[in-house]
Amino acid sequence: MFFIKAKEYCCRVFRNAAILTALCFLLLSAAAVHAEIDGDAGPFRKGSIRMTLLIGSGTAYSHNYTIFGLGGAYYAADGLEVGLDGEAWSGADPRIYRVSPGVRYIFYSAQTIKPYVGAFYRHSFVEGFSDRNAVGVRAGGIILTGERSYVGAGVASSVYLNCSETAYQSCGETYAEILLGFTF
């Protein structure tokens with residue numbers, strides 16, 4: 001019985017990770033094919049840098065947390081952002097720290113709302129518990145508010161790797177994202 005359950009669990013985790021990986025590949029491939037040849041990429045032009053400050057709230061382990069974050073990204077090509085973000089979850093135990101490298105492509109030539117797609121990896125350090133790893137995708141839209149600023153909204157979905165739903169309430173999450181960005 002144990003081996004049957006272990007096989008089912010391994011198949012489910014592999015299938016979810018494979019689906020997310022395939023989706024990321026397709027989304028980023030579509031972004032590369034769509035890459036704009038001319039036009040001004042505005043705040044998303046090659047060589048620009050994005051800095052992020054985050055203050056928010058979240059729930060984990062049946063506790064409410066205050067989340068503080070810091071991040072940055074570099075535009076390796078027009079519209080293509082490569083970044084690293086970090087978070088500290090405080091106000092409850094266990095304390096949680098997250099590090100998340102990722103890529104995002106902004107379709108900057110769209111007129112009013114500039115769609116974006118992306119993929120990320122997340123490593124969570126949880127005091128007193130095993131670390132957790134996740135992979136995910138995100139998509140949404142951005143509206144420019146100035147020459148180097150924007151607001152946006154989207155959705156992100158991630159799947160925890162090596163996760164057991166008997167130990168955790170869920171092995172994945174989907175959540176809304178609100179963006180306020182500045183580039184330099």
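Among contacts in the chain between residues at least 6 apart in sequence, 53% join residues at least 24 apart. I should state at once that the model under discussion is predicted. With that proportion in mind, I shall go through the overall layout, then the core, and then several individual residues.

The chain has 184 residues, and 37% of them count as buried. Its secondary structure amounts to one helix and eight strands. Followed along the sequence, these elements give the pattern α-β-β-β-β-β-β-β-β. As for the surface, the chain exposes about 10600 Å², and carbon and sulfur atoms supply 65% of that area.

Let me turn to the interior. In soluble globular proteins, nonpolar side chains tend to be buried together. Which residues make up the largest nonpolar core here? This core has 12 residues: Ala41, Phe44, Tyr75, Tyr105, Ile106, Phe107, Tyr108, Tyr116, Val117, Ile142, Tyr150 and Leu179. Strands β4 (96-106) and β5 (114-126) each supply at least two residues of this core. Apart from it lies another core, of seven residues, including Ala60, Ile67, Ala92 and Val126.

Phe44, a member of the largest core, deserves a closer look. The structure holds five aromatic pairs. One of them joins Phe44 and Tyr150: the pair is tilted, with 5.3 Å centre to centre and 50 degrees between the planes. What does this pair tie together? Phe44 lies in the loop between α1 (2-34) and β1 (49-60), whereas Tyr150 lies in strand β7 (residues 149-161), so the pair links parts that are 106 residues apart in sequence.

Both partners are buried. Phe44 has a relative accessibility of 0%, and Tyr150 has a relative accessible area of 5%; each counts as buried because its value is under 20%. Together with Tyr75, these two residues form one aromatic cluster. When neighbours within four places in sequence are left aside, the contacts of Phe44 include Tyr75, Ile106, Tyr108, Ile142 and Tyr150, and these five residues also appear in the list of the largest core. Further contacts of Phe44 include Ala77, Asp78, Gly79, Lys114 and Leu144.

Two other aromatic rings have a charged partner. The charged end of Arg104 sits over the ring of Tyr116, at 5.1 Å from its centre. Arg132, in turn, lies over the face of Tyr160, 3.8 Å from the ring centre.

The next residue is Ser100, in strand β4. Is Ser100 buried or exposed? Its relative accessible area is 12%, so Ser100 is buried. A polar atom of the Ser100 side chain lies 3.0 Å from the backbone oxygen of Tyr121. Leaving aside neighbours within four places in sequence, Ser100 is in contact with Gly83, Leu84, Asp85, Phe120, Tyr121 and Arg122.

I move now to the loops, beginning with the one between β1 and β2 (63-77), where Tyr61 is found. Tyr61 has a positive phi of about 50 degrees, although this residue is not a glycine. Ser62 is found in the loop between β1 and β2 as well. Ser62 also has a positive phi, of about 65 degrees, and is not a glycine either. How do the two residues stand with respect to the surface? Tyr61 is partly exposed, with a relative accessible area of 29%, while Ser62, at 63% relative accessibility, counts as exposed.

In the loop between β3 (80-90) and β4 we find Pro94. The peptide bond leading from Asp93 to Pro94 is cis, with omega near 5 degrees.

The last loop residue I wish to mention is Ile113, placed between β4 and β5. Ile113 and Gly140 are 27 residues apart in sequence, and their C-alpha atoms are 9.3 Å apart in space. If residues up to four places away in sequence are not counted, Ile113 touches Gly141, Ile142 and Ile143. Of these, Ile142 has already appeared, as a member of the largest nonpolar core and as a contact of Phe44.

To close, I return to the pair with which the tour of the core began. Phe44 and Tyr150 form a tilted aromatic pair, and both belong to the largest nonpolar core.

Conventions
Residues are numbered from 1 along each chain as its sequence is written. This is a predicted model: local features need pLDDT of at least 70, side-chain atom pairs count only at pLDDT 80 or more; totals for chains, interfaces and linings use all residues. Side-chain values use heavy atoms; hydrogens and water are left out. Rings of Phe, Tyr and Trp (its six-membered ring) pair if their centres lie within 6.5 Å; planes under 30 degrees apart count as stacked, over 60 as edge-to-face and the rest as tilted. Helices (H or I, at least four residues) and strands (E, at least two) are DSSP runs, numbered from the N terminus. Buried means under 20% relative accessible area, exposed over 50%, partly exposed in between (1.4 Å probe, protein chains only). A charge sits over a ring if NZ of Lys or CZ of Arg is within 6 Å of the ring centre and within 35 degrees of the ring normal. A nonpolar core is a set of buried Ala, Val, Leu, Ile, Met, Phe, Trp, Tyr and Cys residues joined through side-chain atoms within 4.5 Å. Contact means heavy atoms within 4.5 Å. A polar contact is a pair of N or O atoms within 3.5 Å; within protein, one must be able to donate a hydrogen and the other to accept it, and residues adjacent in sequence count only if both atoms are side-chain atoms. Accessible areas come from the Shrake-Rupley method with a 1.4 Å probe; for residues, only the protein chains shown count as cover.
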